[in-house]
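Hi,

Here is the structure I promised to pass on. Have a look at it first, and my notes follow underneath.

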Amino acid sequence: MANANPRSTAVIGLQWGDEGKGKLVDRLAGEHDATVRFNGGANAGHSVVVGGTRYALHLMPSGVLSDRAIGVIGNGVVVDPEALLREIDALSAQGVDTSRLVISDRAHVVLPYHKIEDELREAFLSGGAIGTTKRGIGPAYGDKVQRASGVRMGDLTRPETLRERVTLACRLKNVSVQRMGESLGLERIVLDPEEICERALAWGERLAPMIDDTAYLLNGMIREGKRLLFEGANATLLDVDHGTYPFVTSSNSSALGISPGSGVPAKAIGRVIGVMKAYSTRVGAGPMPTELHDATGDRIRERGREFGTTTGRPRRVGWLDLVAVRYSAMINGVDEIALTLLDVLSGFDELKLCVAYETPEGRTERFIPDGERLGQVAPVYETMSGFGEDLSGCRSLDELPAAARAYVERIEAFVGVPVGSIGVGPDREQTIEVSGGVAV
Ligand code: IMP
């Protein structure tokens, strides 16, 4: 994919996650000097296939798989050091050079009690649960915003500060986790600050050489004319402000989160690529207007291998929601669409596209970023002819069957953004590059 823009690129999911961002970031990493995570934590799951080997990345910026870019975990990420070290070890064992990783000293730390809190809250709320990944994401961001009990990566190398903060956090949390545990009939839970500090200091010792002020690092790179690749985790419709609240994650997972999550000015982002699947998926609770509960849904799930990279949960599957995608394109200022998994849709007589919602107040073409109100809409579909051909070997637009091409053109026309690439399989090479859009 050519990139004439001298400034930086952002890759953002336009749906509810798992759009195949990792594969695109991996392809683009070679053209950039750094790949930067700015939000989320180990809840994200990027799976990238290079040369037939599948790599599962959670916290690690995908660029680490390139032989050029450094990987940066920005201040907006919540880092589970235990999970990160496990990932570093697993990648090293697969022969990946993980030494080009830099972690912001201001990124908040996910500590063992955050995962306990996440799990307990989900169980305690039962019917009202969000269906989180239970990676401690919400509680860690909660402590960041609460302030007094937040622990940052830089604190892992300062035993006094760490002890003070963890002790305070345990004092606060012991009250609520013990009450919740009790009402769930669990054994008494006691959070021990000494034990937690000891583990955290050991993680800090290993990670210390990688911890730095990444805002200075990234702005310095921009000044030197280097190019950054911002790698969104989770996706736009899970954004805490602009997604289907409260069924969202706890960070700004759209492009709007890049500046606060990295310390890089918004004007430094030259190009935004929106990644979308040719259909819809969602993991966890929350509204999904086009969800399929039938054999068609099962078929898409099987063909698309729609099982979570992070939790292994089967994903909810549905027809493409163009109303949602057009909203996401607007929020992110998307310049170009990377369409993924088009090959999964082969073999259906008809394909449906949601082009409006029927709401209790009438028909609308606007997305409704509200968990409750979006749950009350019915999709209005447009039907297109399906295609029977296997697309996995297609490498140019001309090789696409007419019905597949018409489907892509409809997406482009509805969203109003050119499609720059089309994914037809999991491997790096299984991509159709398009210059200037399909309809041109
Ligand atoms: P949390 O981020 O673990 O708090 O989960 C909040 C919601 O976001 C849940 O519905 C998760 O399934 C969903 N979620 C978080 N990260 C991802 C992701 O990377 N892909 C898909 N869903 C995600």
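How do the residues of the shell around the ligand divide into nonpolar, polar and charged? There are 6 nonpolar, 8 polar and 2 charged ones, with Ala, Val, Leu, Ile, Met, Phe, Trp, Tyr, Cys and Pro counted as nonpolar, Asp, Glu, Lys and Arg as charged, and the others, Gly among them, as polar.

Before the details: this is a predicted model, where local features need pLDDT of at least 70, side-chain atom pairs count only at pLDDT 80 or more, and totals for chains, interfaces and linings use all residues. Residues are numbered from 1 along each chain as its sequence is written, and side-chain values use heavy atoms, with hydrogens and water left out.

Now the ligand. Of the 16 residues around it (a heavy atom within 4 Å), Asn43, Thr133, Asn234, Thr249 and Val283 come nearest. As for polar contacts (N or O pairs within 3.5 Å), Asn234 has a polar side-chain atom 2.9 Å from a ligand nitrogen, while one from Thr249 sits 2.6 Å from a ligand oxygen. The side chain of Arg313 also puts an N or O atom 3.1 Å from an oxygen of the ligand. The protein covers 96% of the 470 Å² of accessible area that the ligand has on its own (Shrake-Rupley method, 1.4 Å probe).

I also looked at Ser66, which is in the loop between strand S4 (53-57) and strand S5 (70-73); strands here are DSSP runs of E, at least two residues, numbered from the N terminus. Ser66 counts as buried because its relative accessibility is 7%, and buried means under 20% (1.4 Å probe, protein chains only). Not counting residues up to four places away in sequence, Ser66 touches Ala29, Gly30 and Arg100 (heavy atoms within 4.5 Å). A polar atom of the Ser66 side chain lies 3.1 Å from the backbone nitrogen of Ala69.

Cheers

How values were computed. A polar contact is a pair of N or O atoms within 3.5 Å; within protein, one must be able to donate a hydrogen and the other to accept it, and residues adjacent in sequence count only if both atoms are side-chain atoms. Helices (H or I, at least four residues) and strands (E, at least two) are DSSP runs, numbered from the N terminus. Buried means under 20% relative accessible area, exposed over 50%, partly exposed in between (1.4 Å probe, protein chains only).
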